[in-house]
Amino acid sequence: MAPVYHTHTYIHTYIHTYIHTYIHTYIHTKWQGEWDYITKGAITKTFFPKIADRLKLKINVTPNFTTMVTGHGNIKSYLYKYKIMDSPMCSCKRGEQIIDHILFDCELVEQERDRLKAAVLRSENWPMNKDILINRYSKNFKKFTDSLSLDKL
Ligand SMILES: [Zn+2]
């Protein structure tokens, strides 16, 4: 009896895994296809060129985090685009307040950035690609976004 039972379990598991993999592959391929096609979410794409990477990331999303990976939210380039502010310039007056400015250039968040840089520089170079940053240093990046006082910049 035992071999029959085992064979049955084996086939059942095999079929289950096959269907599971098939569905996941199908959904990801289709979704990735749409993701590649749309031009909206251009900033988010620089962080997550592959949807699978975003799905792997286990972090509690906060408003600051969302703003930093989408460019939509409490940031002057966005508020200016939607006519909520008269200018996209950052209060540091050294450039437009876009995501890259906050992440890489703005001197008003130097302290916050230094903590993130310190983590990265232990094994890699700074600046680095945003998709690598968010994949390898998701916790540090999350901490960085949460430490920003976007409404004071
Ligand atoms: Zn600035």
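## A two-domain chain and its packed helices

The C-alpha centres of domain 1 and domain 2 sit 36 Å apart. Bear in mind that this is a predicted model. Domain 1 covers residues 1-38, and domain 2 runs over 41-152. Where the two touch, domain 1 puts in five residues and domain 2 puts in four. On the domain 1 side of that contact you'll find three nonpolar residues, two polar ones and no charged ones. The rest of this briefing walks through some helices and a few backbone details.

**Helix α4 and its buried side**

- Helix α4 takes in residues 63-70, and its buried residues are Phe65, Thr67, Met68 and Val69.
- Those buried residues of α4 pack against three helices: α2 (42-47), α6 and α9 (138-147).
- Right after α4 comes glycine 71, with a positive phi near 80 degrees.

**Valine 69 up close**

- Is valine 69 buried or exposed? Valine 69 counts as buried because 23 other C-beta atoms lie within 10 Å, and the cut-off for buried is 20 or more.
- Setting aside neighbours within four places in sequence, valine 69 has contacts with Thr44 and Phe47.
- Glutamate 112 is 43 residues from valine 69 along the chain, and their C-alpha atoms are 17 Å apart.

**How α4 meets α9**

- The axes of α4 and α9 are 8 Å apart, and the two helices pack at an angle of about 105 degrees.
- That makes α4 and α9 roughly perpendicular, because the angle falls in the 65 to 115 degree range.
- On the α4 side, the contact is made by Asn64, Phe65 and Met68; on the α9 side, by Lys142, Thr145 and Asp146.
- Sort the residues of this α4 and α9 contact by class and you get two nonpolar, two polar and two charged.

**Helix α9 and its buried face**

- Which residues of α9 are buried? They are Phe141, Lys142, Phe144 and Thr145.
- Looking down the axis of α9, these buried residues fall within an arc of 160 degrees, so they line one face of the helix.
- The buried residues of α9 pack against α4, α7 and α8.
- Lys142 and Thr145 turn up twice here: they are among the buried residues of α9, and they also take part in the contact with α4.

**How α7 meets α9**

- Helix α7 spans 110-121, and its axis is 9 Å from that of α9, with a packing angle of about 175 degrees.
- Why call α7 and α9 roughly antiparallel? Their angle of about 175 degrees is over 145, so the pair counts as roughly antiparallel.
- From α7, the residues in this contact are Glu112, Arg113, Arg115, Leu116 and Ala119, and they meet Asn140, Phe141, Phe144 and Ser147 of α9.
- By class, the contact of α7 with α9 has four nonpolar, two polar and three charged residues.
- Phe141 and Phe144 are in this contact with α7, and both are buried.

**Lysine 117 in α7**

- Lysine 117 is another residue of helix α7.
- Lysine 117 has 17 other C-beta atoms within 10 Å, so it comes out as partly exposed.
- How many residues separate lysine 117 and asparagine 140 in sequence? The answer is 23, while in space they are 9.0 Å apart, C-alpha to C-alpha.

**Backbone details to look at**

- Most residues other than glycine have a negative phi, and most peptide bonds are trans.
- Lysine 83 has a positive phi, near 60 degrees, despite not being a glycine.
- You'll find lysine 83 in the loop between α5 (76-81) and α6 (99-105), and it counts as exposed because it has 7 C-beta neighbours inside 10 Å.
- Lysine 93 is not a glycine either, and its phi is positive at about 65 degrees.
- The loop between α5 and α6 also holds lysine 93, which counts as exposed because it has 6 C-beta neighbours inside 10 Å.
- The peptide bond from tryptophan 126 to proline 127 is cis, with omega near 0 degrees.
- Look for proline 127 in the loop that runs between α7 and α8 (130-136).

Technical notes:
Residues are numbered from 1 along each chain as its sequence is written. This is a predicted model: local features need pLDDT of at least 70, side-chain atom pairs count only at pLDDT 80 or more; totals for chains, interfaces and linings use all residues. Helices (H or I, at least four residues) and strands (E, at least two) are DSSP runs, numbered from the N terminus. A residue is buried if 20 or more other C-beta atoms lie within 10 Å of its own, exposed if 12 or fewer, and partly exposed in between; C-beta atoms are placed from the backbone. Two residues are in contact if their C-beta atoms, placed from the backbone, lie within 7 Å. Axes are lines fitted to C-alpha atoms, for helices over the stretch in contact, and angles run from 0 to 180 degrees between N-to-C directions. Angles under 35 degrees count as roughly parallel, over 145 as roughly antiparallel, 65 to 115 as roughly perpendicular and the rest as oblique. Ala, Val, Leu, Ile, Met, Phe, Trp, Tyr, Cys and Pro count as nonpolar, Asp, Glu, Lys and Arg as charged, and the others, Gly among them, as polar. The arc is that of the directions from the helix axis to the C-beta atoms. Domain bounds come from an automatic or database domain assignment.
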